[in-house]
Structure formats: structure tokens, C-alpha cells
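Thanks for asking me to look this over with you. Here are my notes, written as numbered points so that you can follow them with the viewer open.

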Amino acid sequence: MKTKTAFSLIAAANLIFCGAAFAAGAKTHEVTGTVLETTPTKIVVQKGTERWEIDLDPQTKVSGEIKVGAKVTITYAMSATKIDAGPLTKLKAAAEEVAAPITSSVPPGAQRKEEPAVSPTASPKE
């Protein structure tokens with residue numbers, strides 16, 4: 001009985017932890033650099049030779065004052081807004097469809113040959 005209880009507890013814990021992992025969403029990343037520009041909707045940061053433009057939304061938590069020239073660390077998550085497979089993928093799919101072998105339920109050579117239709121009119125007797 002104790003074994004069944006232990007396995008049940010392990011299974012329940014596994015479900016809880018797996019659910020939490022999937023609910024977490026996208027992985028977060030950080031970038032640290034010098035502020036070049038800031039507006040209510042974006043922040044531009046220079047990191048080495050790279051220029052980073054990151055959008056801000058009303059849920060963005062800001063601690064401290066953001067000033068041009070200040071060093072900041074930004075935590076962000078990447079998410080897709082649109083995915084286009086592109087015309088090459090569509091062309092490849094069309095080419096595969098055309099190149100697909102034609103399958104038939106009738107074996108080769110078993111097809112019935114059509115005979116020309118003959119008119120049932122009698123030939124005139126003279």
C-alpha cells in the first residue's frame with residue numbers, strides 16, 4: 001500500500017512540475033549596455049558595436065530612471081509575431097505534388113479496352 005501511495009505522490013509531483021515548465025512561456029535573456037535613446041514605446045541600447053532596439057509595453061517593469069548615457073540591464077523574452085514559410089517552401093510542396101507517383105487500384109494490363117461503337121442499323125438489302 002505504501003508503494004502505491006509513493007508512486008501516486010511521484011506522479012502528482014511530476015504533473016505539477018511539468019505543467020509549471022510549460023506555463024513559463026518563452027525563455028528570458030538579458031542585454032546590458034548604454035542607453036542611446038528612449039521613448040514611451042522603445043529603448044535603444046548600445047552593446048559593444050551592436051545597437052539594440054527593444055519595444056516597451058505597459059507591462060514593462062522599470063526600476064530607476066532611464067536616461068541617455070546610463071548603463072542598463074534589460075531582461076527580455078523573444079516571441080514571434082509572424083512566420084512566413086516563404087515562396088520556396090510553397091514551390092517545393094507543389095513540385096512534390098506533381099512528382100508524386102500516380103496510384104491506381106486497377107493493376108496494369110487489366111484495364112478494359114474500349115471498342116468503337118457500331119451503329120445497329122441494318123445494311124440495305126437490294
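The points below go from the overall layout to the sheet, the core and the charged side chains.

1. A word on the source before anything else: this is a predicted model. Please read every value below as computed from that model.

2. Let's start with the layout. The chain contains two helices and four strands, and along the sequence these follow the pattern α-β-β-β-β-α. In other words, the run of strands has a helix before it and a helix after it.

3. Some totals for the whole chain may be useful to you. Of its 126 residues, 9% are buried. The accessible surface is about 11900 Å², and carbon and sulfur atoms account for 60% of that area. Taking contacts between residues at least 6 apart in sequence, 52% link residues that are at least 24 apart.

4. Now the sheet. Its four strands form an open sheet in the order β3-β2-β1-β4, and the pairing is antiparallel. Why is one side of β3 and of β4 left without a neighbour in the sheet? Both β3 (50-55) and β4 (71-77) stand at the edges and have a single partner strand each, so there is nothing in the sheet on their other side. On average, neighbouring strands are turned by 50° against each other, with direction ignored.

5. The pairings are worth a look one by one. Strand β1, residues 28-38, and strand β2, residues 42-47, run antiparallel and share four bridges. If you want a landmark here, T38 has I43 in β2 as its bridge partner. Between β2 and β3 the pairing is again antiparallel, this time over six bridges, and V44 has E53 in β3 as its bridge partner.

6. Do check the turn between β2 and β3. Two residues separate the strands of this hairpin, and G48 adopts a positive phi near 65° there.

7. Which residues make up the largest nonpolar core? There are eight: V31, V35, I43, V45, I54, V72, I74 and Y76. Strands β1, β2 and β4 are the elements that contribute two or more residues to this core. The largest share comes from β4, with three residues.

8. Within that core, I54 is a good residue to centre your view on. Leaving aside residues up to four places away in sequence, I54 touches V31, T41, K42, I43, I74 and Y76. Of these neighbours, V31, I43, I74 and Y76 are also listed in the core.

9. On to the charged side chains. The structure holds four salt bridges. One of them joins E37 and R51, with an N to O distance of 3.9 Å. E37 belongs to strand β1 and R51 to strand β3, so this pair ties together parts that lie 14 residues apart in sequence. As you choose how to treat this pair, note that the N to O cut-off for a salt bridge is 4 Å.

10. A second pair is E53 with K42, at 3.7 Å from N to O. Here E53 sits in strand β3 and K42 in strand β2, so the salt bridge ties together parts 11 residues apart in sequence. E53 also meets R51 in a salt bridge, at 3.5 Å from N to O. Taken together, E37, K42, R51 and E53 are linked in a network of salt bridges.

11. Are the members of this network buried, partly exposed or exposed? E37 is partly exposed at 31% relative accessibility, and K42 is partly exposed with a relative accessible area of 22%. R51 counts as partly exposed at 49%, and E53 counts as partly exposed at 49% too. Buried means under 20% and exposed means over 50%, so the values for these residues fall in the partly exposed range.

12. Last, a stop in the loop between β3 and β4, where you will find T60. T60 is partly exposed, with a relative accessible area of 34%. What is the C-alpha to C-alpha distance between T60 and Y76? The two residues are 9.6 Å apart in space by that measure, and 16 residues apart in sequence. Y76 is one of the core residues from point 7, and I54 touches Y76 as well.

Definitions and conventions: Residues are numbered from 1 along each chain as its sequence is written. This is a predicted model: local features need pLDDT of at least 70, side-chain atom pairs count only at pLDDT 80 or more; totals for chains, interfaces and linings use all residues. Side-chain values use heavy atoms; hydrogens and water are left out. Two strands pair if DSSP finds at least two bridges between them. Axes are lines fitted to C-alpha atoms, for helices over the stretch in contact, and angles run from 0 to 180 degrees between N-to-C directions. Buried means under 20% relative accessible area, exposed over 50%, partly exposed in between (1.4 Å probe, protein chains only). Contact means heavy atoms within 4.5 Å. Accessible areas come from the Shrake-Rupley method with a 1.4 Å probe; for residues, only the protein chains shown count as cover. A nonpolar core is a set of buried Ala, Val, Leu, Ile, Met, Phe, Trp, Tyr and Cys residues joined through side-chain atoms within 4.5 Å.
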